[in-house]
Amino acid sequence: MRKVCELGRSMVEMLGVLAIIGVLSVGGIAGYSNAMFKYKLNKQAEQVNQVINSISTHFNRFKHYMLTQTNKNLTQYFIAMGEIPDEMIKNDNSKIYDVFNTGFEIMVEGNGIRIVLYVYLELTKDSVENSKKCLNIITVAKENSANISLLETYSTAEDGHTSYTALYGDKRCSGSRCLKNFSLDEAYLLCTKNAETKDSRMKIHWNF
């Protein structure tokens with residue numbers, strides 16, 4: 001009796017193959033997304049570090065100018081000096097943007113007694129990615145604590161009440177309020193505590 005050679009695959013087998021391909025595709029996309037996010041975190045750290053170093057380097061150049069100004073935007077001057085990476089510059093010279101499109105402004109504040117780097121992070125939105133972006137910037141600031149006067153987060157609740165958290169640079173710190181001694185766990189809590197507020201931002205200060 002001759003055996004009949006059966007060609008092809010059954011519908012069940014085909015569905016099984018498609019399911020395997022689907023799982024592998026999802027895993028591949030997730031792996032790629034994670035790798036891209038890590039790349040962007042590294043790029044963000046590099047960009048923010050350059051901006052912080054630039055402000056620290058040129059801070060004293062603005063001392064006389066600052067005494068005659070208040071709430072003056074200095075971002076355009078740092079752009080004109082070539083101190084800002086090209087990829088952070090967009091059409092609006094009053095702000096610069098990191099790889100995540102987080103906005104930054106370099107301002108004169110307090111009747112000319114300090115320069116402040118405003119960081120427009122979405123601290124009110126509680127997500128893993130937002131927390132990691134926030135942690136990333138705090139880590140970069142911590143590495144530059146010798147040149148920074150203060151890192152501050154501030155938030156405004158629905159009732160208008162405003163609260164602050166301040167971490168001081170090496171020259172002004174004491175005890176647990178030192179930026180250089182701030183742990184990752186404490187930084188995580190700082191990045192997530194304002195999730196229910198109406199508005200929340202981060203500021204990095206250089207004071208005379």
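## Strand E6 within the sheet

Of the 9 residues that make up strand E6, 7 are buried, so the strand is largely enclosed by the rest of the structure. The model described here is a predicted one, and strand E6, which spans residues 199-207, is a useful place from which to begin reading it.

Strand E6 belongs to an open sheet of 6 strands, whose order is E1-E2-E3-E6-E4-E5 and whose pairing is antiparallel. The edges of this sheet are formed by strand E1, at residues 96-97, and strand E5, at residues 162-168, each of which pairs on one side only.

## Pairings between the strands

On one side, E6 pairs with E3 in the antiparallel sense, over 6 bridges, and within this pairing Arg-114 has Asn-207 of E6 as its bridge partner. E6 also pairs with E4, again in the antiparallel sense but here over 7 bridges, and in this case the bridge partner that Glu-152 finds in E6 is Lys-203.

Strand E3, which covers residues 114-120, is joined in turn to strand E2, residues 103-109, through an antiparallel pairing of 7 bridges. In that pairing, Glu-105 stands opposite Tyr-118 of E3.

## Helix H4 across the sheet, and its crossing with H5

Helix H4 lies across four strands of the sheet, namely E2, E3, E4 (150-156) and E6, and the helix runs at about 10 degrees to E6.

How do helices H4 and H5 cross? The axes of H4, residues 128-143, and H5, residues 184-192, come within 9 Å of each other and cross at roughly 125 degrees. With that angle, H4 is oblique to H5, because an angle between 115 and 145 degrees falls outside the roughly perpendicular and roughly antiparallel ranges. The crossing of the two helices is right-handed. On the H4 side the contact is made by Ser-131, Cys-134, Leu-135, Ile-138 and Thr-139, while H5 contributes Leu-184, Ala-187, Tyr-188, Leu-190, Cys-191 and Thr-192. Sorted by character, the residues of this contact comprise 8 nonpolar and 3 polar ones, with no charged residue.

## The loop between H1 and H2

Phe-59 sits in the loop that lies between helix H1 (11-58) and helix H2 (63-66). Is Phe-59 buried or exposed? Its relative accessibility is 9%, and Phe-59 therefore counts as buried, since the cut-off for that class is under 20%.

Phe-59 and Asn-207 are 148 residues apart along the chain, yet their C-alpha atoms are separated by 9.1 Å. Asn-207 is the residue already met as the bridge partner of Arg-114 in E6.

## The loop between E1 and E2

Two residues of the loop between E1 and E2 can be considered together, one of them being Thr-102 and the other Asn-101. Thr-102 is buried, with a relative accessible area of 7%, whereas Asn-101, at 45% relative accessibility, counts as partly exposed.

Which residues does Thr-102 contact, leaving aside its neighbours within four places in sequence? Thr-102 is in contact with Gln-44, Ile-96, Tyr-97, Val-119, Tyr-120 and Leu-121. For Asn-101 the feature to note lies in the backbone: although Asn-101 is not a glycine, its phi is positive, at about 70 degrees. Most residues other than glycine have a negative phi.

Methods. Residues numbered from 1 in each chain as written. Predicted model: local features only at pLDDT ≥ 70, side-chain atom pairs only at ≥ 80, totals over all residues. Heavy atoms only, no water. Axes fitted to C-alpha atoms, helices over the stretch in contact; angles between N-to-C directions. Parallel < 35°, antiparallel > 145°, perpendicular 65-115°, else oblique. Left-handed = near helix turned anticlockwise from the far one by under 90°. Contact = heavy atoms within 4.5 Å. Nonpolar A, V, L, I, M, F, W, Y, C, P; charged D, E, K, R; others polar. Pairing = 2+ DSSP bridges. Buried < 20%, exposed > 50% of the residue type's maximum accessible area, 1.4 Å probe, protein only.
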